[in-house]
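Subject: Structure handover

Hello,

Here is the structure you asked to look at. Please open it and keep it beside this email as you read.

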Amino acid sequence: MELTWRWFGKNDKITLAMLRQIGVEGIVTALHDVPLGEVWTREQIRDLREYIEAAGLRWSVVESLPVTETIKYGGPDRDEQIAIYKQSLRNLAAEGIHTVCYNFMPVLDWARTDLMHPNADGTFNLYFSYSEFAYFDICILKRAGAREEWAQFRFPEGVGAGRDILAEVDELARTSTPERDHQLVENIVIKTQGFVSGNFREGDEHPLELFHQLLAKYKGIGKTQLRANMKYFLEAIMPVCEECGINMCVHPDDPPIEILGLPRIVRTAEDIRWFLSAVDNPHNGLTFCAGSLSAGAYNDVVAMAHEFAPRTHFVHLRSCHIFPNGDFTEASHLGGRANVPELCRIFQRVNPALPMRVDHGKTMLGDENRGYNAGYSFLGRAFALAQVQGVLAAIS
Ligand code: DNO
């Protein structure tokens, strides 16, 4: 596989020169400064591509070209937004970039409740607690109907047996402080979303109001409608992808559960089968995010890799550990549920040129003081990359 790295542009504290030193070959990035819904111009793309190439690297994958909410909920201006999307795809292809990652998660991109969960060895990982997320939903966001929905919530078979989420939420409500509430909002809305989604930004003063406005757009939209909207989008862009040789690869929902009363449609093998066959075109493919998929107790990640490798255009290597109570954390890249070594074997065999990035990494050895984006440490990711390089060497 091609060894790539997610880099956040010219202001990233991690420089391209540093990445050369650890064996990175390709860069995964986006035009992070272009506001949501605007065309990525050829000039802007060329400028960044040349910057990357001047450092001896190549721009391998776009992550992400954002699909605006109106396309997801099917708003009145979605065709306009799709036309803009197509133009950005044409411009990317004209500059030689042919792999485009995106997601179809409504409102919230990825979700975690704790970004600095301490491990016994002194490192830190990302963590998702169901009760803290439910507490955010019910007591901080105060979403209408949230308590009733959480009362109905069932963990997948094998985890979370006997857990009473509402009792835990009430206990959190009793013991929480304004500082802890603030931290939870920072974790769920600002620090995880700010650098990836474009819906929320560092410094937003009223993130919860914005949250409510976005949630309101999805009133009455369930799984069937969201699927129809994804199909509409994919059918509209496929002719451009064929003409320009662009491979689209949707990122799975992270975590692969329905949250905030919103449908999520890229969670399971059945979901992936659905969108691949609904628009059965080789340019319509998957970002195989082993981390996101392994956070779902019902997902057999290795079996999914066997099944979906032929339509996988980009791989994220990472692995989650699910605790008996259902919460999950991000495990070592050689541990957890995903079985990264076996995934490397599968993808390496199907397509040795497939771009792969190690996804997230522990925060370790001083990463914590450097102000990196959540999950995107330098030493933690470099360590994981070295582990994967070793696995790949052993395989070949
Ligand atoms: C988080 C990421 C996601 C991902 C987007 C792709 O670390 O995996 O933000 O980049 O969902 O569109």
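Below is what was found in it, beginning with the ligand.

One point before the details. This is a predicted model.

**The ligand**

Start with the ligand and its neighbours. There are 13 residues around the ligand. Glu63, Ser64, Asp109, His360 and Tyr376 come nearest. Sorted by class, this shell holds 6 nonpolar, 4 polar and 3 charged residues. Which strand gives the largest share of the shell? Strand E4, residues 99-103, does, with 3 residues.

Now look at three side chains that face oxygen atoms of the ligand. In Glu63, a side-chain N or O atom is 2.5 Å from a ligand oxygen. For Tyr376, the distance from a polar side-chain atom to a ligand oxygen is 2.6 Å. For Asp109, a side-chain N or O atom is 2.9 Å from an oxygen of the ligand. How much of the ligand's accessible area does the protein cover? The ligand on its own has 330 Å² of accessible area, and the protein covers 100% of that.

**The cavities**

Next, the enclosed spaces. How many cavities of 30 Å³ or more are there? The count comes to 3.

The largest cavity has a volume of about 150 Å³. It is lined by 17 residues. Closest to the centre of this cavity are Arg6, Glu63, Asp109, Trp110 and His251. The lining divides into 5 nonpolar, 5 polar and 7 charged residues. This largest cavity is the space taken by the ligand. Glu63 and Asp109 should look familiar: both are also among the residues that come nearest to the ligand.

The second largest cavity holds about 90 Å³ of space. Its lining has 15 residues. Ala331, Ser332, His333, Gly361 and Lys362 lie nearest the centre. By class, the lining has 4 nonpolar, 7 polar and 4 charged residues. Strand E6 (124-128) and helix H15 (379-395) each supply at least two residues of this lining. Which of the elements gives the most? H15 does, with 4 residues.

**A pocket**

There is also an open space to find. The second largest pocket has about 240 Å³ of space. Residues lining this pocket include Arg143, His212, Tyr218, Lys219 and Leu262. Others in the lining include Ala144, Leu215, Ala216, Gly220 and Ile221. Leu260 and Gly261 belong to the lining too. The lining splits into 7 nonpolar, 3 polar and 2 charged residues.

**The backbone**

Finally, three places to check along the chain.

- Glu63 and Ser64 are joined by a cis peptide bond, with omega about -10°. Ser64 sits in the loop between strand E3 (58-63) and helix H3 (69-73). Both residues are among those that come nearest to the ligand.
- The peptide bond from Asp254 to Pro255 is also cis, and here omega is near -5°. Pro255 is in the loop between strand E7 (247-251) and helix H11 (269-278).
- Val107 is not a glycine, yet its phi is positive, at about 60°. Look for Val107 in the loop between E4 and strand E5 (114-118).

A good place to begin is Glu63. Glu63 is one end of a cis peptide bond. A side-chain N or O atom of Glu63 lies 2.5 Å from a ligand oxygen. Glu63 is also one of the residues closest to the centre of the largest cavity.

Best wishes

Methods:
Residues numbered from 1 in each chain as written. Predicted model: local features only at pLDDT ≥ 70, side-chain atom pairs only at ≥ 80, totals over all residues. Heavy atoms only, no water. Near = heavy atom within 4 Å. Polar contact = N/O pair within 3.5 Å; in protein donor to acceptor, adjacent residues only side chain to side chain. Areas by Shrake-Rupley, 256 points an atom, 1.4 Å probe, with all protein chains shown as cover. 1 Å grid on protein atoms, 1.4 Å probe; cavity = no way out; pocket = protein on both sides within 12 Å on 5 of 7 lines; lining within 4 Å. Sits in = over half its atoms within 2 Å of the grid points. Nonpolar A, V, L, I, M, F, W, Y, C, P; charged D, E, K, R; others polar. Points joined across faces, edges and corners; volume = space filled by probe spheres on them.
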